[in-house]
Amino acid sequence: MEAVLRATETIKAFRETRLSALRSPAEFFDHTRISRPSDLNTATHRISYNTRYFSGNYGLIVGLLAVYALLTNMLLIFAVLFLVGGFAAINRFAPDPIQVGEHVITQKSLYTGLFVVGIPLLWFSSPFSTFFWLVGASAVLILGHACIMEPGIESEYASVQDSV
């Protein structure tokens, strides 16, 4: 019961901190504010402002891309579930050594067997390429959007408010 209450509190805190920063889709996809930056200084200013202003939306994009990457790489899901499930099963069902015939199977030998099977399985599921795809796709989408979106009128007052 305590875990459920803790999970509820964590979700509530996440909603209050991160999801409160979400901007509306109409504002995020406002096609009237799209323009090409005139120079690198303008692009840098836009990226700096928009990454702060749309941080909740960009976090949601990264989360959705991560879910997509996992759903399209079923071997990675299987490998992670195999390793996590193996650890849980060994800890739960085999805390003490087991006698099988003349052999004694310890927790250490079970972990060794899990690693011998699980690590090559995880390696073949290419977690590094999935991670770097996620980083690259997120960077292209976020920096591209932040660069082409003109900051709103409120951006002019943000610098005045910070100095007061």
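Let us begin with T130 and its surroundings in this predicted model. If we set aside neighbours within four places in sequence, T130 is in contact with A69, N73, L76 and S125. T130 itself belongs to helix α7, which covers residues 127-148. Is T130 buried or exposed? Its relative accessibility is 15%, and buried means under 20%, so T130 counts as buried.

One of those contacts deserves a second look. The side chains of T130 and N73 are joined by a polar contact of 3.0 Å. N73 is located in the loop between α4 and α5, the latter being residues 74-93. With a relative accessibility of 14%, N73 also counts as buried, because the limit is 20%. Beyond its neighbours within four places in sequence, N73 is in contact with S125, S126 and T130. S125 thus appears in the contacts of T130 and in those of N73.

I turn now to helix α4, residues 55-71. How far apart should the ends of its 17 residues be? At 1.5 Å a residue, the expected span is 24 Å, and the end C-alpha atoms are indeed 24 Å apart, so the two values agree. Among the residues of α4, G56, N57, Y58, L65 and A69 are buried. A69 has already been mentioned as a contact of T130. Which helices do the buried residues of α4 pack against? They pack against α2 (25-28), α3 (40-53) and α7. On helices in general, an α-helix has 3.6 residues a turn, so residues three or four places apart point the same way.

Y58 leads us to the next topic, the nonpolar core. The largest nonpolar core consists of seven residues, namely F28, Y49, Y53, F54, Y58, I142 and A146. Helices α3 and α7 each contribute at least two residues to this core.

Finally, let us consider the aromatic rings. The structure contains twelve aromatic pairs. In one of these, Y53 and F54 meet edge-to-face, with 5.0 Å from centre to centre and 80° between the planes. Y53 and F54 are both buried. Ring pairs also connect F28, F29, Y49, Y53, F54 and Y58 into a cluster.

What else surrounds Y53? Not counting residues up to four places away in sequence, Y53 touches A21, R23, E27 and E154. Of these, R23 is positioned over the face of Y53, 3.9 Å from the ring centre.

To close, I recall two points: the polar contact between T130 and N73, and the ring cluster that includes Y53.

How values were computed: Residues are numbered from 1 along each chain as its sequence is written. This is a predicted model: local features need pLDDT of at least 70, side-chain atom pairs count only at pLDDT 80 or more; totals for chains, interfaces and linings use all residues. Side-chain values use heavy atoms; hydrogens and water are left out. Helices (H or I, at least four residues) and strands (E, at least two) are DSSP runs, numbered from the N terminus. Buried means under 20% relative accessible area, exposed over 50%, partly exposed in between (1.4 Å probe, protein chains only). A polar contact is a pair of N or O atoms within 3.5 Å; within protein, one must be able to donate a hydrogen and the other to accept it, and residues adjacent in sequence count only if both atoms are side-chain atoms. Contact means heavy atoms within 4.5 Å. The expected span of a helix is 1.5 Å times one less than its number of residues. A nonpolar core is a set of buried Ala, Val, Leu, Ile, Met, Phe, Trp, Tyr and Cys residues joined through side-chain atoms within 4.5 Å. Rings of Phe, Tyr and Trp (its six-membered ring) pair if their centres lie within 6.5 Å; planes under 30 degrees apart count as stacked, over 60 as edge-to-face and the rest as tilted. A charge sits over a ring if NZ of Lys or CZ of Arg is within 6 Å of the ring centre and within 35 degrees of the ring normal.
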